[in-house]
Amino acid sequence: MNNEEKEFVAASEESLHERIDDDHEDKTTKDVVDIDVSEEEKHYRIHPLLKRRPELIGSDVLLSVRHLKQFFFFGSKINNMKLKAVSNVSFDVYKGECFGIVGESGCGKTTTGRSIIKLYDITSGSVYYRGYRISAGSRWNKKEIKWKTIRWKQKVKELKADEKARIEAIPQDDPNREAKVAEIKNEIKLEIERGDIALKQIVDTQRAKIRQINFDNKHTPKRLMSEIQMIFQDPVDSLDPRMTVEDIIQEGLKIQGFKDKKENHKKVVEMLEKVGLVEEHSSRYPHEFSGGQRQRIGIARALVMNPKLLICDEPISALDVSIRAQVINLLNDLKEEMGLTIMFIAHDLSVVKYFCDRIAVMYFGKLVELTTSDELFKYPLHPYTKSLLSAIPKPNPLTEKERVRMVYKPNEVHDYSTDKPELHEIYPGHFVYCNEKEKEEYIEYVKTHVK
Amino acid sequence: MAEKILEVKNLVISFKTDHGILHAVRDVSFDLEKGETLCIVGESGSGKSVTNKAIMGILASNAIVEGGQIIYRGEDLLQVAEEEFHKIRGHRIGMIFQDPLSSLNPIMRIGKQITEATLVNGDKLKRMFEDIISDDLIAYKNAVARGELKAEKVIQAAEAANIDALNKNSAENADKKGVKAECKARLKAAKKEAAEIRKVTKAETEPLRLKLEETKKAAKVKVAEYKAKVLADYKKEVASANGDKEAIAAAKKKKTDNLRITKMEAKRRALEIMKEVGIPEPEKRFRQYPFEFSGGMRQRIVIAIALTETPEILICDEPTTALDVTIQGQILELIKRLKKDRDMSVIFITHDLGVVANMADRVAVMYAGKIVEYGTSRDIFFEPKHPYTWALLASIPDVDSKERLDAIPGTPPNMIYPPKGDAFAPRSKYAMEVDFLEEPPFFKVSDTHYAATWLLHPDAPQVEMPKIVSERIKNNLAEQGEKGGSENE
Ligand SMILES: Nc1ncnc2c1ncn2[C@@H]1O[C@H](COP(=O)(O)OP(=O)(O)O)[C@@H](O)[C@H]1O
Ligand SMILES: Nc1ncnc2c1ncn2[C@@H]1O[C@H](COP(=O)(O)OP(=O)(O)O)[C@@H](O)[C@H]1O
Ligand SMILES: [Mg+2]
Ligand SMILES: [Mg+2]
């Protein structure tokens with residue numbers, strides 16, 4: 001990170017603690033115990049005490065990511081450092097859509113994907129799938145307890161000092177001195193008692209939430225999780241070189257509890273054919289395949305789990321130009337055929353535009369803009385999105401030669417010193433990371449430019 | 001017509017591998033004009049890097065240059081002796097690679113890496129000497145090398161004929177002894193002929209050698225004179241300084257500057273170049289290690305290193321493939337600016353047609369070790385003729401449309417067994433029978449535009465390019481029209 005970027009992150013970060021209600025949607029959540037155990041819950045073997053958001057169950061929202069934070073910690077105890085790979089990212093993915101995430105390398109795209117499939121213990125925030133919480137982190141809640149306690153202790157000190165000052169201010173020869181002192185003391189005592197109770201309430205609710213988070217992380221329904229599969233960027237590294245293609249694909253079946261060898265082989269062959277390979281390939285090892293074929297094996301391995309949500313992490317970046325279109329077309333066909341919902345991660349905007357219905361733009365761990373792909377290209381609002389769009393090379397020498405690229409310099413275009421940014425909905429479905437002042441400007445811009 | 005600065009003619013390069021001979025470059029010809037950017041585009045494995053490594057003289061040890069010429073400043077780079085080659089490419093042809101990390105030394109400070117080349121060539125006396133003799137030296141060494149090559153070719157021809165004869169013989173099962181004797185005789189004759197050629201060469205090159213000796217002597221005298229003058233000047237200045245310490249120091253500095261490039265001078269130049277390629281805070285950066293830089297900054301450093309030698313040709317081998325779009329844009333701008341400021345010619349290798357559109361004056365499309373089409377940027381983007389060029393244009397997603405992509409079926413060919421005829425035929429839906437049998441020659445489309453496809457043969461059936469491509473071309477031209485129109489208003 002260079003200095004500018006550090007400033008951007010620091011300025012926009014400072015007071016987030018107070019701003020984020022980690023689970024504001026809780027208000028609508030019913031008491032978890034008296035929910036009907038529906039057929040769906042029986043099918044997915046969902047624990048009745050698992051946290052859920054009833055408004056999402058059975059709705060169009062397949063995946064809901066709320067205030068996701070994924071930090072990585074390094075260094076020694078004294079000199080410890082944290083890297084905020086993903087910081088307070090929220091979005092919903094709808095059934096049947098293709099949801100794109102773009103941004104420069106290192107901005108946290110892969111980490112977001114991996115957090116969703118629980119490859120990491122997430123630091124903070126929640127991930128809901130079909131309305132059930134599959135993953136959550138408690139750092140925010142712990143911080144909340146810590147900071148509220150520290151602040152209250154400070155406040156108590158202030159109150160005590162105030163008490164002392166007020167008592168001293170009463171003249172020594174005041175005839176009612178005794179009574180006045182008693183009154184002040186009583187007043188302060190009551191205030192401290194009230195505050196103690198309030199703090200205890202906060203601590204208790206946060207503790208309960210932490211308990212719930214720990215419980216949820218332990219009781220994530222496996223059947224639910226197996227519906228989410230991921231295809232990785234590097235088709236070479238992600239396949240075990242000592243396993244045959246058959247073993248690689250069957251592994252998933254075994255995890256699901258399918259034991260019948262003949263049946264399993266049949267399924268493997270079916271999957272291979274689906275991704276454009278043939279039965280003969282099943283006995284070979286990954287190194288005997290070309291890059292494009294390996295990516296197909298990776299796709300087959302994911303598909304055999306019969307996923308509903310497929311997270312594709314730069315599935316074509318490592319492939320050769322002539323092969324890329326094959327894989328894109330394959331994913332498109334599978335999406336139709338199997339009714340998949342796809343989360344498509346990439347740094348190549350033209351591929352994402354081609355493939356996705358909605359696009360989220362990330363910058364240094366933050367989601368800075370989210371809207372439909374047509375809108376994003378027509379009316380980009382965030383200056384980072386604009387600079388990204390201005391940099392896509394187009395295969396047209398006539399326009400390309402005169403292209404002017406925009407450079408994004410966070411500390412020149414934003415002033416986040418007092419007015420802090422957060423994700424605002426500028427108009428229905430179009431979210432931008434900005435502060436109040438910028439929000440007004442964007443709304444004004446949209447009024448004059450859009451339709 | 002512009003001056004041709006580099007010509008590659010009928011280049012053929014193979015590699016010895018465990019599985020057999022791999023035919024990486026199969027008869028590639030192109031030229032580079034002064035001041036232009038030539039883009040070479042094609043999928044990985046098509047021979048782009050190998051072609052350019054041959055120009056740089058940095059082919060892997062298992063490479064066999066089977067034929068061809070690379071003409072630069074009137075000399076064939078494939079034939080000049082190694083030391084000349086290094087001199088030419090080091091000074092005049094620079095190259096930057098896809099992965100900047102692999103071309104930087106991870107444990108050496110950036111500053112040292114940039115000044116290294118300057119310092120190595122920093123002995124001004126040696127350089128002066130070399131400059132004086134270089135023309136004669138190259139002429140002599142090339143003459144010798146050419147003679148040797150002729151001699152070797154004779155022997156190789158005999159050996160090849162022998163192998164053929166033996167093979168044929170074993171197939172026909174005829175007179176074994178006779179054939180063997182015949183082979184022996186043939187080889188002996190060839191060796192004799194080669195010896196004769198060598199003798200002739202020696203005689204022929206003798207005047208060149210004598211001339212070189214003369215020049216060397218003269219050069220030595222000249223260098224000694226120069227050195228003596230520098231030292232005399234220094235003494236004079238010291239004497240006239242009358243003990244003034246500053247004046248003496250200045251004289252001393254002048255003396256060293258005249259004799260060699262000092263570390264300080266090298267550093268000053270390095271900092272200048274770092275600034276030129278847009279590295280902020282060069283003083284601080286000078287002392288850092290490669291890992292402390294982002295990918296884009298590393299690529300800038302690699303460019304800075306290439307520039308310390310003031311090259312006249314810059315070869316860029318996918319310099320932006322590993323970078324993000326925004327950084328890629330900046331590096332492309334930088335290369336364009338440097339090219340203009342320093343009056344360089346650029347060979348730019350990429351597989352990204354967007355980058356080609358941005359950079360290229362002319363484009364060569366490569367497939368399976370051959371150039372299949374070349375022309376101006378306009379020719380290739382708006383009037384493509386080869387089915388592989390069509391396929392490339394059709395297979396990239398376009399920001400402006402959502403129609404199904406025309407994927408290229410199959411996989412690139414195994415270059416140990418390159419396909420016969422038109423190498424792209426097995427993957428092309430436009431392939432005709434002749435494509436599988438006979439290799440298409442280049443057909444002329446216009447003065448600037450050539451394509452090697454039988455579709456251009458007068459007897460070929462009329463076929464249209466894929467609809468997706470023609471639509472895009474129409475849209476692209478229209479987009480320009482719109483823009484042009486609004487600008488005129
Ligand atoms: N397991 C890990 N440990 C420490 N840091 C990590 C880890 N994974 C990713 N990071 C860091 O987190 C940031 C985001 O990485 P990533 O999600 O891979 O970005 P992207 O996929 O957008 O390129 C990067 O700075 C990366 O170095
Ligand atoms: N040192 C080597 N040994 C064997 N084969 C090689 C070697 N270098 C390159 N090749 C092969 O030569 C062909 C052309 O490679 P290259 O020029 O690097 O392709 P690209 O067009 O991607 O730059 C490829 O098939 C490659 O595998
Ligand atoms: Mg990634
Ligand atoms: Mg290459």
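This is a tutorial dialogue on reading a predicted model, from its domains down to one strand.

User: Which domains does the assignment give for chain A?

Analyst: Three are assigned in chain A: domain 1 (3-93 + 122-139), domain 2 (141-218) and domain 3 (224-406). Where domain 1 of chain A meets domain 3 of chain A, the former supplies 18 residues and the latter 13 residues.

User: Which elements make up the side of domain 1 of chain A that touches domain 3 of chain A?

Analyst: Elements giving two or more residues to that side are α1 (3-13), β1 (61-74), β2 (81-94) and β5 (132-138) of chain A. The largest share, eight residues, is from β2(A). Sorted by class, that side of domain 1 of chain A holds 13 nonpolar, two polar and three charged residues.

User: How is chain B divided?

Analyst: Chain B has domain 1 (4-119 + 271-362) and domain 2 (147-224). The centres of these two domains of chain B, taken over C-alpha atoms, are 35 Å apart.

User: How many residues does each chain give to the contact between chain A and chain B?

Analyst: As general background, the size of an interface is often given as the accessible area lost when the parts come together. Here the description is by residue count: 36 residues from chain B and 33 residues from chain A. On the side of chain B, two or more residues come from each of α10 (325-342), α11 (353-359), α12 (377-382), α13 (387-395) and α15 (467-488) of chain B. The largest share there, five residues, belongs to α11(B). By class, the side of chain B that touches chain A consists of 14 nonpolar, twelve polar and ten charged residues.

User: At what angle do α5(A) and α6(A) pack?

Analyst: Helix α5 (residues 139-169) and helix α6 (residues 177-218) of chain A pack at about 180°, and their axes are 10 Å apart. Because of that angle, α5(A) is roughly antiparallel to α6(A). Their contact has 13 nonpolar, four polar and nine charged residues.

User: Why is strand β12 of chain A described as largely enclosed?

Analyst: Four of the five residues of β12 (residues 430-434) of chain A are buried, so the rest of the structure largely encloses this strand.

User: Which strands pair with β12(A)?

Analyst: In general, side chains of a regular strand alternate between the two faces of the sheet. Strand β10 (residues 366-372) of chain A pairs with β12(A) in the antiparallel sense over two bridges, and Glu369(A) stands opposite Val432(A). Strand β11 (residues 422-427) of chain A also pairs with β12(A) in the antiparallel sense, over five bridges. Phe431(A) in β12(A) is the bridge partner of Glu425(A). β11(A) and β12(A) form a hairpin with two residues between them, and Gly429(A) in the turn has a positive phi of about 90°.

Technical notes
Residues are numbered from 1 along each chain as its sequence is written. Chains are lettered from A and ligands numbered from 1 in the order in which they are written. This is a predicted model: local features need pLDDT of at least 70, side-chain atom pairs count only at pLDDT 80 or more; totals for chains, interfaces and linings use all residues. Domain bounds come from an automatic or database domain assignment. Axes are lines fitted to C-alpha atoms, for helices over the stretch in contact, and angles run from 0 to 180 degrees between N-to-C directions. Angles under 35 degrees count as roughly parallel, over 145 as roughly antiparallel, 65 to 115 as roughly perpendicular and the rest as oblique. Ala, Val, Leu, Ile, Met, Phe, Trp, Tyr, Cys and Pro count as nonpolar, Asp, Glu, Lys and Arg as charged, and the others, Gly among them, as polar. Two residues are in contact if their C-beta atoms, placed from the backbone, lie within 7 Å. A residue is buried if 20 or more other C-beta atoms lie within 10 Å of its own, exposed if 12 or fewer, and partly exposed in between; C-beta atoms are placed from the backbone. Two strands pair if DSSP finds at least two bridges between them.
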